[in-house]
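Visitor: I'm new here, and I'd like a quick tour. Could you show me what we're looking at?

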Amino acid sequence: MEDCIFCKIIRNEIPSTTVYEDDYVKAFLDISQVTPGHTLMVPKVHVADIFEYDEKLAAEIFARIPIIAKAIKASDPKIAGMNIINNNGALAYQSVFHSHIHFIPRYTKDDDFA
Ligand code: 5GP
Ligand code: ZN
């Protein structure tokens, strides 16, 4: 998709900090961090939302959730948990219409990331 911001990130036309990348997905830091390490994973194929997934894409994406979650957790011993979230559709607060999964690390104490 020519004008899609996440397609541009996948093509390295706009900068991002890559957390993980392979043939199927790219994971990069969210520009607006809810907590440090907040990461987005996107399929490399442009799909607006999960309603457009077929079974094969769903399997590829789901298989990578634990890979990326573990990589983020390994980056900081203070990470104690993680919210893994998808906002699917405008009414569900999706704002970028290239499907993505949020990984939001949770820390033992609020001041762990002060
Ligand atoms: P949504 O609301 O669609 O679930 O989440 C979209 C996310 O994309 C937001 O958390 C927002 O901060 C992030 N985002 C929007 N534009 C950019 C960008 O240009 N670069 C990066 N890294 N994240 C972005
Ligand atoms: Zn796209």
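**Around the ligand and into the core**

Guide: Happy to, and keep in mind that this is a predicted model. Let's begin at the ligand: the shell around ligand 1 divides into 7 nonpolar residues, 5 polar ones and 1 charged one.

Visitor: Which residues come nearest to ligand 1?
Guide: There are 13 residues around ligand 1 to pick from. Those that come nearest are Ile31, Ser32, Asn87, Ser95 and Val96.

Visitor: In what order do the elements of the protein chain run?
Guide: The chain has 2 helices and 5 strands to place. Start at the N terminus and follow the elements along, and you get α-β-β-β-α-β-β.

Visitor: How compact is the protein chain?
Guide: For 114 residues the globule rule gives 13 Å, and the radius of gyration here is 14 Å. Those two values are close, so the chain is as compact as a globular protein of that length.

Visitor: Which residues touch the most other members of the largest nonpolar core?
Guide: That core has 15 residues. At least two residues each come from α1 (5-10), β2 (25-29), β3 (39-43), α2 (55-74), β4 (79-85) and β5 (101-107). The members that touch the most others are Ala27, Leu40, Met41, Val42 and Phe103.

Visitor: And what does Met41 touch, not counting residues up to four places away in sequence?
Guide: Met41 is one of the core members just named. Leaving out those sequence neighbours, its partners are Val25, Ala27, Arg64, Ile68, His100, Ile101 and Phe103.

Key. Residues are numbered from 1 along each chain as its sequence is written. Chains are lettered from A and ligands numbered from 1 in the order in which they are written. This is a predicted model: local features need pLDDT of at least 70, side-chain atom pairs count only at pLDDT 80 or more; totals for chains, interfaces and linings use all residues. A nonpolar core is a set of buried Ala, Val, Leu, Ile, Met, Phe, Trp, Tyr and Cys residues joined through C-beta atoms within 7 Å. A residue is buried if 20 or more other C-beta atoms lie within 10 Å of its own, exposed if 12 or fewer, and partly exposed in between; C-beta atoms are placed from the backbone. Helices (H or I, at least four residues) and strands (E, at least two) are DSSP runs, numbered from the N terminus. Two residues are in contact if their C-beta atoms, placed from the backbone, lie within 7 Å. The radius of gyration is taken over C-alpha atoms; the globule rule is 2.2 Å times the number of residues to the power 0.38. A residue is near a molecule or strand if its C-beta atom, placed from the backbone, lies within 6 Å of it. Ala, Val, Leu, Ile, Met, Phe, Trp, Tyr, Cys and Pro count as nonpolar, Asp, Glu, Lys and Arg as charged, and the others, Gly among them, as polar.
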